[in-house]
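Grab a pencil and have the viewer open. Here are some short exercises, each with its solution worked through.

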Amino acid sequence: MIPSSPSGAAPAVRLDGVVKTYGGVTAVAGLDLTVERAQVLALLGPNGAGKTTTVEMCEGFVTPDAGTVRVLGLDPVADSDALRPRIGVMLQGGGAYPGSRAGEMLDLVAAYSADPLDPEWLLQRLGLTEARRTPYRRLSGGQQQRLALACALVGRPELVFLDEPTAGLDAQARLLVWELIDALRRDGVSVLLTTHLMDEAEELADEIVIIDHGRVVAAGTPEEVTRSGAEGQLWLSAPAGLDVTGLQSTLAGTHRVREDHPGRYLVEGTIDPSVVAAAATWCADQGALATEIRVDQRSLEDVFLELTGRELRG
Ligand SMILES: Nc1ncnc2c1ncn2[C@@H]1O[C@H](COP(=O)(O)OP(=O)(O)OP(=O)(O)O)[C@@H](O)[C@H]1O
């Protein structure tokens, strides 16, 4: 049970033991997740992992079967009227009349807000000024996507839900959206975003949560998640034939050390600054010059694939 607290003090989003099933399919299987205020949290997971279902429960569009969902301290279903003006939701398809023009749509959404952003400024920020008078159905997919983002933001929300905000955008438009999300965070807005793009998560997120089969499989800052789990490698180039047992004992058996091929030494295990220093010292102690030391760090994508497997999802 989540204790009640004034909505100002509550996290932006808090999920406790949330479950959602559709017929025989468990979409979300006991999920715990917290988005702090003024934080960007990226929710990652393979197709069908439960990301959209999670976001839809936070938006109040889907009711959980079990567990508790709190958004700005409120229940998104029971308190939807109070929450609606405080959150931004990016609707795919825009909920648009196909004939209405991009600028008119944004003006209409702005009119529902007590203190909207200037729609012209927002159109300009998202590269949509030229498309202002274009009917919605004539906008390109990328323009529709950016208009949906503008509609989510125009009411100055405290919290924004962005489900794959840059899917289908070209590189230029993606950068615009990244800059905007970064600016939101600086303004103290909280963001829950889903993405399939690892570089997007690394670039934007304060916190990453990887889910699979509706459960959390990893969580933390991008650095923490990348460091978790599997091991790193340190490569050292020096004259061939050095005795590696000294380094092995310095590292107290926690790492594997070998001369992988002549003059190329490999240390496998958790590579932290003390391991780099130990390797350099071991080399110097033998009167040998290390000509190169390289640490191979795993990418977020490596960790993601390790945790969620390589097979294709339905
Ligand atoms: N309305 C629904 N009716 C039946 N099954 C559903 C419904 N919505 C989602 N599901 C199922 O729940 C599971 C989780 O789906 P969800 O859309 O939340 O995943 P996702 O992580 O967003 O996937 P993707 O990356 O492909 O968008 C899937 O197996 C999906 O088929």
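Two residues are in contact if their C-beta atoms, placed from the backbone, lie within 7 Å. This is a predicted model: local features need pLDDT of at least 70, side-chain atom pairs count only at pLDDT 80 or more, and totals for chains, interfaces and linings use all residues. Numbering starts from 1 along each chain, as its sequence is written.

**Exercise 1.** Find the residues in contact with Val191, leaving aside its neighbours within four places in sequence.

*Solution.* Start at Val191 and skip those neighbours; you're left with Val40, Val160, Leu162, Ile181, Leu184 and Arg185. Next, put Val191 in its setting: it is one of the residues that touch the most other members in the largest nonpolar core, which has 69 residues. (Such a core is a set of buried Ala, Val, Leu, Ile, Met, Phe, Trp, Tyr and Cys residues joined through C-beta atoms within 7 Å; buried means that 20 or more other C-beta atoms lie within 10 Å of a residue's own.) Helix H5, residues 141–153, gives the most to this core, with six residues. (Helices are DSSP runs of H or I, at least four residues, and strands are runs of E, at least two, numbered from the N terminus.)

**Exercise 2.** Work out which strands stand at the edges of the open sheet E2-E1-E4.

*Solution.* First, note that the three strands are paired antiparallel in that order. (Strands pair if DSSP finds at least two bridges between them.) Next, look at E1 (residues 13–22) and E2, joined by eight bridges; Arg14, for one, has Thr34 in E2 as its bridge partner. Finally, E2 (25–35) and E4 (66–71) each have a single partner strand, so they're the edges.

How values were computed:
A residue is buried if 20 or more other C-beta atoms lie within 10 Å of its own, exposed if 12 or fewer, and partly exposed in between; C-beta atoms are placed from the backbone.
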